[in-house]
Amino acid sequence: MKTGYYITTPIYYVNAQPHVGHAYTSIAADVLARWHRLLGEDVHFQTGTDEHGLKIEQAATKAGLSPQAQADRYSAPFRALNEPLLLSPDDFIRTTEPRHKTIVAELWRRMAAKGDLYEGSYAGWYSVSDEAFFTEDELVEGRAPSGHPVVWTEEPTWFFRLSKYGPALLEHLRAHPEFVRPQNRYNEVLRFVEAGLHDLSVSRTSFSWGIPVPDCPAEGPQHVIYVWLDALANYVTALGGPEGAAFGRFWPADLHLVGKDILRFHAIYWPCFLMSLGLPLPKQIFAHGWWTVEGEKMSKSLGNAVEPLQVVARYGAEALRYFLLREVNFGSDGDFSEQALRNRINGDLANDLGNLLNRTLGMVRRYRDGVVPSPGPYEAVDLALIEQAKAQREVLMAAMDEIAFAQALAALMRLSSAANKYVDETAPWTLARNGEAARLDTVLYALCEVLRHLGIYISAFMPIAGPEMLRRLAVPEGLRSLESTASFGALPAGGRTEEGEPLFPRVEDEFTGRRREKAQARSGRAGQDPTQTGARGAQDHQQTQTVKEKKMSEQPEQPIAAQKIEPTVKTVEAAPDDGPEPIDYSVFQKLDLRVATVLSAEKHPNADRLLVVTLDAGEPQPRTICAGIVGHYEPEALVGRQVVLLANLKPRKMRGVMSHGMLLAAGDEQVKLLALDGVLPPGTRIS
Ligand code: MSP
């Protein structure tokens, strides 16, 4: 009796090192495995390596290795991805393991006994890279549809009666439109099956690196089992075969996750093999798209393969996982660029979710000694946030059911943005100042509860940051399941929260550091990052900006202190008669004005009117400045905000703290910081 949830990745060829394309399938499967664990299901997540066949034999010959040594050498790096990519498979199978080979031979016998195998001879085209046979009609300009070369092959073979199962497969497809996803891939498979299936050559005699066909007479040609039959069978052999204990618990598979290039094998051959074996068909096969690099196919031979471990070393596994699944719709192709990755990390994670977490924990510490307060009665603004939490949860859960990661993450970020907006609207610092303790309790509680939900959702994608968020929010173990987000308000009051290092740190853009400065000095104008890509980044910035732009400003309690800009800059363009004298543009150019992002802000230890602000100004090190805006801005409300920095003001010690520059602000009674109309990389020159 099947009780568990079974999800698989394809097993990877051991002809070369893994690249980001391989990591993609595994990461997607891992997120689903973790999601279903969060749903409380008994999950089995299966992956491994595909080690037989001509492709591997040829790679071994080229490397001067035995095929087994080749397999050992290249299986290891795939397995070694698990830890750094935070993959959590329950099993990693190698097709050269005895547990696999024995069962494959048994399955072969079972198909033979059914009368589905017959001897013949094959003459046709073969692509070694795809390990696939093609008819003349299927070739595109003399190559396989994948673009790989084909060779003419003639050899004795065993055929499998694929044609016999065509009608049953067609019927299954029509009855189960969810069998193949996404829809366009389903249509593709349907058309292919409707056109009629031809019997399939399932053994090879022209080389020997494979599982021997059982019971081959010694005097005849020696057959090895076709590598795709061998490889597909892993989904069953890994469960111990049809008689295995795990088989009953997990078969049929809930989901075979595959790339679009290997859909035919999974959606046509595999179900027909299973029908022959008398085994139930998997519930779904989902074909995802491909990642390119600057529009080119990613490959070792082109030298453009993105190595997952390098990306991880630079940005961390969680950022890579988030980016790959947020950036493109699962099922569509995507183009990999580091700039797009940085935009995602900074735009979604650092500026939005990270900002929400930091400012909430900061306020809980500041106003409630770090203890989660009890909420009072909810008001309209709170109810609107709770409504958002419910609405986005629904979208998110449905999207995960549909394996629409990007939509799920977009819903998650919408909730985060809504909560940031709620902070701005409810202005907890004003509530604190006005002594509205009950309101402040409610607002802080609502924020902690939203963050609990967000922490649970993100745990499947970011398995370190998510649980750490929950730990910092003092969420009890029993309230970390998806089910516990069904209602709002489960978080118990009284938990002791904890701040810490940023969980979603901004990543540095290499172009915002010194290089940008140099380039700009040469060109004498504000630089646009030349690698800035696509509409998605822009969209993000837009989204982030809506969170940042509406910042509160208090009624002033104190006059503006030092470090506020005098009206000079404001009046440069149209110097009024009584203003400062006109200047040449070259004088203006001497001002090194730059976009900077506030990393932290604290009250100055020795000066009532100053805040000590650290800024990311696109430099290798953060900058510290003192700003006289106390009474106009609460420190925590500045974090994540973009400001305008006069960077080349001579450093000056202010009551014991060195200030390296000045923030631009306007107003006297009411002081407002200058802001941008959108988010730009820190360090961007203003001219
Ligand atoms: N060995 C077969 C699968 C057998 S499953 C019974 C195979 N291996 S593979 O190593 O070539 O590919 C494994 C997976 O990686 C496939 O799902 C494939 O689509 C995916 N990718 C390989 N390159 C890719 C990209 N550039 N982008 C996205 N996925 C890619 O096929």
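Let's start at the ligand. Its shell holds 22 residues. The closest are Ile-11, Asp-50, Gly-259, Asp-261 and Trp-291. Keep in mind that this is a predicted model.

What is the make-up of that shell, in nonpolar, polar and charged residues? Nonpolar residues number 12. Eight are polar, and two are charged.

Now the individual atoms. Take Gly-259, one of the closest residues. A polar backbone atom of Gly-259 sits 2.8 Å from an oxygen atom of the ligand. Next, Gly-21. Here a backbone N or O atom is 3.2 Å from a ligand nitrogen atom. Then Trp-290. This time the side chain takes part: one of its N or O atoms lies 3.3 Å from a ligand oxygen atom.

How much of the ligand's accessible area does the protein cover? On its own, the ligand has 660 Å² of accessible area, and the protein covers 96% of it.

Which elements give two or more residues to the shell? There are two strands and two helices to look for. The strands are S2, at 12–13, and S12, at 255–259. The helices are H1, at 20–38, and H7, at 227–232.

Let's step back to the whole protein. The chain has 687 residues, and 57% of them are buried. The secondary structure comes to 22 helices and 25 strands. The accessible surface is about 28600 Å². Carbon and sulfur atoms own 52% of that surface.

One more overall figure, this time on contacts. Take the contacts with a separation of 6 or more. Of these, 75% are between residues 24 or more positions apart.

Next, a sheet. This one is open, has three strands, and mixes its pairing. What is the strand order? Reading across, we get S15-S14-S16. The edge strands are S15, residues 296–297, and S16, residues 334–336. Each edge strand pairs on one side only. Strand S14 covers residues 291–293. S14 and S15 run antiparallel, joined by two bridges. Within that pair, Thr-292 faces Lys-297 of S15.

A word on sheets in general. Strands pair through backbone hydrogen bonds, and the pairing is either parallel or antiparallel.

Now one arginine, Arg-342. You'll find Arg-342 in helix H13, residues 338–368. Is Arg-342 buried or exposed? Its relative accessibility is 3%, so Arg-342 counts as buried. The cut-off for buried is under 20%. The Arg-342 side chain also has a partner. A polar contact of 2.9 Å links it to the side chain of Tyr-315.

Last stop: strand S18, residues 611–616. Five of its six residues are buried, so to speak of S18 as mostly covered is fair. S18 has two pairing partners to show you.

On one hand, there is S17, residues 593–603. S17 and S18 pair in the antiparallel sense, over six bridges. Here Thr-597 stands opposite Asp-616 of S18.

On the other hand, there is S19, residues 623–627. This pairing is antiparallel too, with five bridges between S18 and S19. Val-612 stands opposite Cys-626 of S19.

What do S18 and S19 form together? They make a hairpin, with six residues between the strands. Look at Gly-618 in the turn. Gly-618 has a positive phi, about 75 degrees.

That's the tour: ligand, whole protein, sheet, arginine, hairpin. Thank you.

Methods: Residues numbered from 1 in each chain as written. Predicted model: local features only at pLDDT ≥ 70, side-chain atom pairs only at ≥ 80, totals over all residues. Heavy atoms only, no water. Buried < 20%, exposed > 50% of the residue type's maximum accessible area, 1.4 Å probe, protein only. Helix = DSSP H or I, 4+ residues; strand = E, 2+ residues; numbered from the N terminus. Pairing = 2+ DSSP bridges. Near = heavy atom within 4 Å. Polar contact = N/O pair within 3.5 Å; in protein donor to acceptor, adjacent residues only side chain to side chain. Areas by Shrake-Rupley, 256 points an atom, 1.4 Å probe, with all protein chains shown as cover. Nonpolar A, V, L, I, M, F, W, Y, C, P; charged D, E, K, R; others polar. Contact = heavy atoms within 4.5 Å.
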